[in-house]
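Subject: Structure handover

Hello,

I am passing on the structure that you will be working with. Please open it beside this message; my notes come after it.

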Amino acid sequence: MRELPEINHCISNRHAYWCAKCYVHSQFYLESERDGTPRYLCRKCGFRMFLPGEVVPWMNGLLFGTLLLGGVGIFLLPHELETYWQWSPVCLAFAGFFGLIGGMMWFYVRKYFKWSLRQKLKSSNKLEKEADDHACSQYYEVSEDFDKWALQFLNEDQLLKLHDRFDRPQQAPNEFSSDSLELPPRNS
Ligand SMILES: [Zn+2]
């Protein structure tokens with residue numbers, strides 16, 4: 001039994017950050033880019049994680065832009081060979097740029113979709129067992145990053161209950177293994 005049976009990080013969830021190296025919604029830690037944009041990095045491997053539900057619309061937009069600008073660029077090219085103002089190279093350059101970013105997104109999103117499909121075909125028992133045995137084991141900690149991660153799968157009440165369970169482990173001693181818990185020293 002894993003430390004956090006409330007959460008199964010092996011069930012695909014478009015609204016939870018996913019690691020394309022570990023193939024799971026692994027726990028993350030946050031870092032900030034220079035401009036303050038948060039980066040979600042996998043705790044297990046350090047790879048930058050992404051939110052499938054957020055990336056897919058961007059990817060579709062970029063790939064659509066690639067097709068549109070590429071088409072316009074190719075259409076204009078023969079008409080602009082002898083004109084002073086040439087828009088086709090600009091269109092083709094942007095199409096290439098959008099295509100590069102959109103293609104990179106597609107590379108990772110495709111991995112997610114394949115994984116998600118495989119997970120959806122598994123029984124809930126199998127998914128539970130997979131979560132128990134996964135190399136990216138889930139563990140409890142008191143931190144903002146943990147709360148952010150857990151709130152992808154739980155609502156506020158469920159998260160509070162989870163914290164309560166770890167805050168008062170003596171009330172439910174048989175429900176989970178206490179090996180990995182750090183209990184406060186008992187002075188009295
Ligand atoms: Zn990872």
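Below are the notes on what was found in it.

The model is predicted: local features need pLDDT of at least 70 and side-chain atom pairs count only at pLDDT 80 or more, while totals for chains, interfaces and linings use all residues. Residues are numbered from 1 along each chain as its sequence is written.

Overall layout

The protein has five helices and two strands; these are DSSP runs numbered from the N terminus, with H or I over at least four residues for helices and E over at least two for strands. From the N terminus, the order is β-β-α-α-α-α-α. Of its 188 residues, 18% count as buried, that is, with 20 or more other C-beta atoms within 10 Å of their own (12 or fewer is exposed, in between is partly exposed; C-beta atoms are placed from the backbone). Contact is taken as C-beta atoms, placed from the backbone, within 7 Å. Among contacts between residues at least 6 apart in sequence, 60% join residues at least 24 apart.

Helices H1 and H2

The axes of H1 (residues 52-76) and H2 (residues 88-120) come within 7 Å and cross at roughly 150°. Axes are lines fitted to C-alpha atoms over the stretch in contact, and angles run from 0 to 180 degrees between N-to-C directions. H1 and H2 are therefore roughly antiparallel to each other, a label for angles over 145 degrees. By class, their contact has 20 nonpolar, seven polar and no charged residues. Here Ala, Val, Leu, Ile, Met, Phe, Trp, Tyr, Cys and Pro count as nonpolar, Asp, Glu, Lys and Arg as charged, and the others, Gly among them, as polar.

Gly70 lies in H1. Gly70 is partly exposed because 17 other C-beta atoms lie within 10 Å. Not counting residues up to four places away in sequence, Gly70 touches Leu92 and Ala95. The C-alpha atoms of Gly70 and Phe98 are separated by 9.9 Å, with their positions 28 residues apart along the chain counted as the separation.

Nonpolar core

The largest nonpolar core (buried Ala, Val, Leu, Ile, Met, Phe, Trp, Tyr and Cys residues joined through C-beta atoms within 7 Å) has 22 residues. Those with the most contacts inside it are Tyr17, Trp18, Cys19, Phe28 and Met49. Strand S2 (38-42), H1, H2 and helix H4 (144-150) each give two or more residues, and H2 has the largest share, five residues. Leaving aside neighbours within four places in sequence, Cys19 is in contact with Val24, Ser26, Cys42, Cys45, Phe47 and Met49.

Regards

How values were computed:
Contact = placed C-beta atoms within 7 Å. Parallel < 35°, antiparallel > 145°, perpendicular 65-115°, else oblique.
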